[in-house]
Amino acid sequence: MIQIQAATQEQASEIARLIMMAMTEECCLHFCGEDCGLREFEQMMTQLVGREDSQYSYKNTLVAMEGNQVAGIATAYDGGQLHALRRVFIEHARKWLKKDHSAMDDETQAGELYLDSLAVLPAYRCQGIASRLLKATAAKALAMGIPQVGLLVDKGNPAGERLYVSNGFHYANDAQWGGHPMKHMVMTVNEEMQDTNHCI
């Protein structure tokens with residue numbers, strides 16, 4: 001039985017791999033310098049997930065668990081904290097990826113809980129886990145007093161867009177991220193989204 005719960009620091013490596021799955025290999029390589037690759041990116045992401053002051057922190061992550069297996073993740077943070085949280089990514093990217101990302105466009109802003117990464121392992125897909133993680137993220141936004149959840153979906157990912165629309169998201173505006181044209185989608189949260197079937 002799948003349980004949605006707060007992530008732990010010990011799950012950092014599993015979470016990092018799932019975040020990379022959400023990003024796609026192409027986007028991960030976009031962030032790497034000439035002499036760096038996915039190995040360095042994964043090492044960097046594992047460190048970032050293990051920290052408490054990173055946008056990718058385990059503190060910002062909900063996990064879908066089947067026993068001891070991390071089946072899926074939803075990593076989301078207060079958009080108003082983007083610049084403070086991103087500083088750690090920029091510092092690590094210079095060290096691990098030999099690339100400066102200090103001029104990167106903002107992917108979120110104050111007033112939304114930004115869903116940075118949503119991923120489910122292939123063996124656990126088509127079981128409603130992604131939708132449960134989205135509902136849990138909405139409940140998290142409500143608990144934090146943030147009025148909406150926002151995310152970016154690749155314009156070349158219609159299946160992902162359908163998932164978000166079916167869970168109450170709607171188009172807000174166009175954006176760019178990781179070298180790709182994206183759609184910024186948002187969902188307003190309300191009291192009906194309280195979820196007692198997980199532990200935040």
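This is a short talk on a few places in the structure shown above.

Hi everyone, and thanks for coming. One thing before we start: what you are looking at is a predicted model. I'll take you through a pocket, a cavity, a helix and a few single residues.

Let's begin with the largest pocket, which has a volume of about 780 Å³. Several parts of the chain build its lining. The elements that each give two or more residues are α1 (12-23), β4 (112-120), α5 (129-144), β5 (148-154), α6 (158-166) and β7 (180-188). Which of them gives the most? That is β4, with seven residues. In total, 34 residues line this pocket, and if you want to find its centre on your screen, look for Ala22, Leu118, Asn157, Gly160 and Tyr164, which lie nearest to it. As for the character of the lining, 22 of the residues are nonpolar, eight are polar and four are charged.

Keep tyrosine 164 in view for a moment, because it takes us to the aromatic rings. The count of aromatic pairs in this model comes to five. In one of them, tyrosine 164 meets phenylalanine 169: the ring centres are 5.8 Å apart and the planes stand at 70°, which is over 60, so we call this pair edge-to-face. Are these two residues buried or exposed? Both tyrosine 164 and phenylalanine 169 are buried.

Ring pairs also link Phe31, Phe41, Tyr56 and Phe89 into a cluster. Some of those names come back when we turn to the cavity. A search of the whole structure finds one cavity of 30 Å³ or more, and its volume is about 40 Å³. Which residues line it? They are Phe31, Gln55, Tyr56, Arg86, Phe89, Met104, Glu107 and Trp177. By class, that makes five nonpolar residues, one polar and two charged.

Arg86 and Phe89 bring us to helix α4, residues 82-97. Its buried residues are Leu82, Leu85, Arg86, Val88, Phe89, Ile90, His92, Ala93, Trp96 and Leu97. What do they pack against? The answer is α3 and β3 (69-78). Just after the helix comes lysine 98, which takes a positive phi of about 55°.

Now a closer look at serine 54. You'll find it in the loop between α3 (38-50) and β2 (61-66). Its relative accessibility is 1%, so serine 54 counts as buried. The side chain of serine 54 reaches the backbone oxygen of leucine 48 at 3.3 Å. A polar atom of that side chain also lies 2.9 Å from the backbone nitrogen of tyrosine 56. Leaving out residues up to four places away in sequence, serine 54 touches Leu48, Asn60, Leu85 and Val88. Leu85 and Val88 are among the buried residues of α4 we just met.

My last stop is glutamate 66, in strand β2. With 36% relative accessibility, glutamate 66 counts as partly exposed. How far is it from methionine 1 in sequence, and how far in space? The two are 65 residues apart along the sequence, and 5.8 Å apart in space, C-alpha to C-alpha. Beyond its neighbours within four places in sequence, glutamate 66 is in contact with Met1, Ile2 and Tyr124. With tyrosine 124 there is a polar contact between the side chains, at 2.9 Å.

That's the tour. Thanks for listening, and I'm happy to go back to any of these places with you.

Methods
Residues numbered from 1 in each chain as written. Predicted model: local features only at pLDDT ≥ 70, side-chain atom pairs only at ≥ 80, totals over all residues. Heavy atoms only, no water. 1 Å grid on protein atoms, 1.4 Å probe; cavity = no way out; pocket = protein on both sides within 12 Å on 5 of 7 lines; lining within 4 Å. Points joined across faces, edges and corners; volume = space filled by probe spheres on them. Nonpolar A, V, L, I, M, F, W, Y, C, P; charged D, E, K, R; others polar. Helix = DSSP H or I, 4+ residues; strand = E, 2+ residues; numbered from the N terminus. Buried < 20%, exposed > 50% of the residue type's maximum accessible area, 1.4 Å probe, protein only. Polar contact = N/O pair within 3.5 Å; in protein donor to acceptor, adjacent residues only side chain to side chain. Contact = heavy atoms within 4.5 Å. Phe/Tyr/Trp six-rings, centres within 6.5 Å; stacked < 30°, edge-to-face > 60°.
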